[in-house]
Structures are given as structure tokens and as C-alpha cells.
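Colleague: Before I use this model, I would like to know what stands behind the terms used to describe it. Please set each term against its definition.

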Amino acid sequence: MTRILEIKWICYGAMLALLFAAIVRVTPSKAPFDQVEAAVIASADMEKLTEGDSLMIRRLYGLDQSAYQGAALYYPASNMGAEELLLIQMKDSAQQKTIEEAIRSRIKTQKKNFDGYGIEQMGLLSNSLIEEKGNYILFAVAEDPAVIRDAFLEAL
Amino acid sequence: MTFNSLYFIFIFLPLTVFLVWIVPQKAKKTVLVLISFLFYAWGNPRNLLFLLGSILFNYMTGIQMGMLREQGREKTLKRVLTAAAAADILLLCLFKYTAAGLPVGISFYTFSVLSYLFDIMQEAAEPQRNLLNFALYVSFFPKITSGPIAQYRDMEKQISKIRISQPQLFRGLQLFLVGLAKKVLLADQLGAAFSMVTAQSRMSVLSAWLGMALYSLQLYYDFSGYSDMAIGLAGIFGFEIKPNFNYPYLSKSVSEFWRRWHISLGAWFRQYVYIPLGGNRVSDSRLFMNLLIVWTLTGIWHGSGLNFIVWGLWHGMFVILERFVIKDRFDRVPRIFRILMTDLIAFFGWVFFFSPSFSAAAGYIGQMFGAGGMGIIDRAGIYYLVQYAVLLIAALLGSVKVIRWLITRLFYRNSLRLGESALNMAAFIGTIIMLICITAGLISNTYQSFLYFQF
């Protein structure tokens, strides 16, 4: 009986430890949204991008801008462009899954759009990155998304 | 992995059925548990660690409770149950109310393990000695992500021996397809319509009410579709899980609505909270408190936001009113009016459900009464109403049994006259047509997650 008790609570302790590790990892950043957005924009080639409003965020991602602390979208200025930036500051971590799914769905749609003729665009989309840190999520489709990611992480 | 992905439908499910079917009887359970773990870990292996931890922790608690009962140590037994249940609930709350990221299905499987512990306490079930059986009960892939929350007492015998039969397989597959059709052909379309209508920065009264109706129907088809899929999948592997929905929008009272909507959650709260608190056999003041507790907990189970608590209390308020004030006074009111009134209450409640916060819900309700400054009817409202009229009417008819009635009346009875083989052939052709429509829908639409995954 004592053995069962020990194993049982060790098991529970391990779960708590894992949970606290997860909490520490996702501790929200206090950096203001505008500041992070400015840093991301500064690191990207904005000539190929147009700023999107809440309607465009809903149309392209199916996400409600007002549900988040902050959300900014920069989408391709031309039909032949694939470059894109989406930055979201979540209100709570439960939103993460929905956003990730929306981003994956967007990538899928874009790949379907360019499949068969847009070799360059397909390359950009395959090379796109999704970066999550704390309460922020960044999605970047660019020639060098790593530069944008570094700027994003530095701004947090 | 989700039930409405092409990968699940055309690769994972057929392979799983094939594998479980061909392995010897003795190995079926092990295969199902391993497949359930794989299904759950898909996309986020970290979550599997919590599931395994929960299985081990509660399995050992069950063993411990069994030993204490044999020794006649009832007081210690109660203490062990209280500590374990508190630990399970604490873990769930920490996940729900911190930034840790909620593992999918944790609210559902935590209620499953609690059902197991409470059933042992209430002597409705024996402690499970076989770890594999217990692991299957908790992790069984058709129900792990969003229920139905099958109570242990109903699953105890089923998990001890898996029996797969051909008729069950076909019935299960049919129910799975019906659920998938609800999700892909109706819920996802209603969801897209809801997004379009509510994307307006300011809405007229018409648009706001249209948005509410679209979401109410979307939620019904999304969750009842998911439940049909889960019950159908469970049936494929020989498990019988009780229905989770029974045409809730045909309810004549809010109390009845909750006997028809998310039945497994209502049954869980009734069995493990309401009845232990005394149920109906208490004084009026105590009954009032019991109902208040149950409905607050129902709200909290869905989320930590004030909007969910208000939503729970909104329903609780009407259940209490029906119990203490209305009683049978409305019995003479025509059925259709009572149904419409109940639907209005339920639809209104969903505004708190789909809004990200209480203030957003208040803002939406304001627009439903003209606070959007766009008048009662505007061009956008009329445009969306006309555009989605067919979808809305089809969804409404389906939610109140009309489509089922038509299928039975026109298809089933006529086919029956032609003989059983004609009926089977017609059912087969109908199933193939449905599968083609669903596949086309899945390929052409962007992926939509299930609404209840957030809980």
C-alpha cells in the first residue's frame, strides 16, 4: 500500500513539474504589441506587402481580430506575391491552437494557389516559419524569414 | 489528428480498422490502446505524457481504494478519494487558467477518470485491476478529444472484452459518415457564414440576430456531428456509447434542452454532483443552492472567463425559474411557442459562448438591440440573409427532425416495400453519394477545427 502511495504521488509530482516547466516556457512577454510589430516590419521587405484590416484577417485566416490583444497582417501586394506577415498577441494560451491551425490552413491554401506554376512562391511557402514565444505568434513568408524571426525574438 | 481530416478518413481509420480486425482477439485491446496513444500524441507528443501520468495516478488510486474497502477503512477511503479528485481537478484548473497551453481533451478525460473514482466510491463499479483495460477506458481515441464523457459504470464490461462484429462495423461507419456530413456540409458552411456576417465592424439588428442564429446552428452541427462520429467510431470497435444529442432545438423547456444537449456532460453533473448534494429530495432553499452550484460548475467547466460563468448561470436561472415559478403553468401554451421560446433562450445564451469575453458579449447583445447604429435592417443584413437563406433553412429543418422524417417517409418506407435487398442497395448508394460530397467539401474548403476542442 505504501509503495502504491509513493509511486502514485511521484507520478503526480512529475506531471506538476512538467506543467510548471510549460508555464515558465510560455510566460507572457510584456513588450507592447506596437513595439514588436515595428521591429518585425523593420526587418522585412515591406515593398511587396500591403497592410490588412480586420476583414482581411478574417477572410484569409478566419480569425477575429478583436479576440486578440493585438493582431497585424501584411499580405501580398500583388496576386503573384506569396510574401506575408502575421503577428498576433494572444489574450490567453488557449488561442494558440486555433491560430496555428489557421496559419497551417493558409499555407495549404496558398500552396494550392501556386501549385504547378509558381515555383518561386512555392519555395517561399515551404520555407515559411511559425514562431511562438510566450503570448506572441509570428508567421512569416519571406526570402529570409530567419532575419524576421530574430528581430521578433529580440523585441520580446 | 482530427476526425475531419482526409488523412484520418482515408489512411488512419482504414488502417486501424484493418489492424484491429486481423490481429488475434487477445491482442486487440493492446493494439487499440497503442493506436489511441498514437492518435492523441499526433501533433503534440507532450500531451501524451500528461495522459499517461493521469492514467497511472488514477489507476493506482483505484487499486488503493479497493484495498481500503476490503479492509473496511471507509474514512480513509473517503480521504483518498477526496485527495485524488482534488489533485485531478487542480491539474485541470492549472492547465485551464494558466498560460501552460491546454492539452486537447483534458477536460473530457479528467471527467472520465473522476467518473471512475466516484463509481468505485458509490460502489457502482469495481476497481480495475488490469492497467490495459483502464488505459483503454481513458484513452480510447474516438472519445478522448471531445467526449462523449462515457461514465465508467457504462464502460466497465465493454472494456474487459472487445467484441467486433460486421453489423456493428457498418452501423458505426454509417453514423461516422452522418456526423462527418453534419460537420463538413453544414457546420463548416454555417461557420463561414457566421464569420462573414460578424466581420462587419458595426452590425444592424438584422445582421446581429442572423449571426446569432448562424452560430447556434453551427455549434449544434459541429458538436453533434463530432459526437456522432465518436459514437460511430466506438461502434466500429464494438463499443456502445450513449447518444450525446437528441434534437435539442425541439425542447419545450430549458430543463428539457439540457436532457437533449451534450447529454453526457449533463448526466455527469447529475450523477456525481447534483445527486450527491441531495438531488430533488431536499428543501426548496437547498435545492435552489444545488442547482446554482451545478450550473456555475457547468459554466466554469467550459472556461475561466466571466462570459462562460454568465452563460452557465443564464441557463441555470431558467432551470430554477421553471422549477420554482413556472412549474406546469405553460403546459397549455401550444408546443410550438414553448419550443420557440426555449430556442430563443438557448440561442441568446450562445452569444456569451462565442464571444471572447464578457464585454464582447455585452457589445454583441447591444448590437442585437440597435446599439451598432446601423438601424434595424440594412443592405448588408438583407444581402447576407438572402445569400445564406438556403443554408439557414436546410440547417433549421435538419435540427428539428424534418430531414430525418423525410428520409424515413420518402426513402426508407418506399425502399422497404421493394424488399430488404433494395433497401440495402439504396442505403449503400446513399452512403457513397454522401462520401463523395463530403470528400469534395473537405478538398475544396479550408480546414475547420471542431468548436469544442477549445474545452
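**Terms and values**

Modeller: A:Thr50 has A:Tyr75 as its bridge partner in S2(A). This is a predicted model, in which local features need pLDDT of at least 70, side-chain atom pairs count only at pLDDT 80 or more, and totals for chains, interfaces and linings use all residues. Residues are numbered from 1 along each chain as its sequence is written, with chains lettered from A and ligands numbered from 1 in the order in which they are written.

Colleague: What makes S1(A) and S2(A) a pair?

Modeller: Two strands pair if DSSP finds at least two bridges between them. Strands themselves are DSSP runs (E, at least two residues), as helices are (H or I, at least four), numbered from the N terminus. S1(A) and strand S2 (residues 70–76) of chain A have four bridges in the antiparallel sense, so they meet the definition of a pair.

Colleague: How do you know that S5(A) pairs with S3(A) and with S4(A)?

Modeller: By the bridges again. S3(A) and S5(A) share six, antiparallel, and A:Leu86 is opposite A:Phe139 in S5(A). S4(A) and S5(A) share five, also antiparallel, with A:Glu132 opposite A:Ile137 in S5(A). The hairpin of S4(A) and S5(A) has two residues between the strands, and A:Gly134 there takes a positive phi near 60 degrees.

Colleague: Why are S1(A) and S4(A) said to stand at the edges?

Modeller: The open sheet has five strands in the order S1-S2-S3-S5-S4 (chain A), paired antiparallel. Strand S1 (49–52) and strand S4 (129–133) of chain A each have a single partner strand, so one side of each has no neighbour in the sheet. The twist averages 15 degrees from one strand to the next. H3(A) packs on the sheet and touches S1, S2 and strand S3 (84–89) of chain A, its direction making about 70 degrees with that of S2(A). Such angles run from 0 to 180 degrees between N-to-C directions, on axes fitted to C-alpha atoms, for helices over the stretch in contact.

Colleague: Why is S5(A) called largely enclosed?

Modeller: A residue is buried if 20 or more other C-beta atoms lie within 10 Å of its own, exposed if 12 or fewer, and partly exposed in between, with C-beta atoms placed from the backbone. Six of the six residues of strand S5 (residues 136–141) of chain A are buried, so the rest of the structure largely encloses the strand. A:Tyr136, A:Leu138 and A:Ala140 point one way, while A:Ile137, A:Phe139 and A:Val141 point the other way.

Colleague: Is B:Ser253 buried or exposed?

Modeller: Buried, because 20 other C-beta atoms lie within 10 Å of B:Ser253, and the definition asks for 20 or more. B:Ser253 is in the loop between H10 and helix H11 (254–260) of chain B. Leaving aside neighbours within four places in sequence, B:Ser253 is in contact (C-beta atoms, placed from the backbone, within 7 Å) with B:Glu322, B:Arg338 and B:Thr342.

Colleague: What makes the largest nonpolar core one that lies between domains?

Modeller: A nonpolar core is a set of buried Ala, Val, Leu, Ile, Met, Phe, Trp, Tyr and Cys residues joined through C-beta atoms within 7 Å. Of the 114 residues in the largest one, B:Leu117, B:Tyr137, B:Leu190 and B:Leu214 touch the most other members. Helix H10 (residues 205–236) of chain B gives the most to this core, 20 residues. Domain 1 (6–162) and domain 2 (168–398) of chain B both contribute, so the core lies between them. The domain bounds come from an automatic or database domain assignment. A second, separate core has 34 residues, including A:Tyr61 and A:Ile103.

Colleague: How many residues of the two domains of chain B are in contact?

Modeller: In domain 1 of chain B, 21 residues touch 21 residues of domain 2 of chain B. H5(B) supplies the largest share of the domain 1 side, five residues. The centres of the two domains, taken over C-alpha atoms, are 28 Å apart.

Colleague: And which residues make up the contact of chains A and B?

Modeller: There are 31 residues from chain A and 27 residues from chain B. H1(A) gives the most to the chain A side, 12 residues. That side has 17 nonpolar, nine polar and five charged residues, where Ala, Val, Leu, Ile, Met, Phe, Trp, Tyr, Cys and Pro count as nonpolar, Asp, Glu, Lys and Arg as charged, and the others, Gly among them, as polar.
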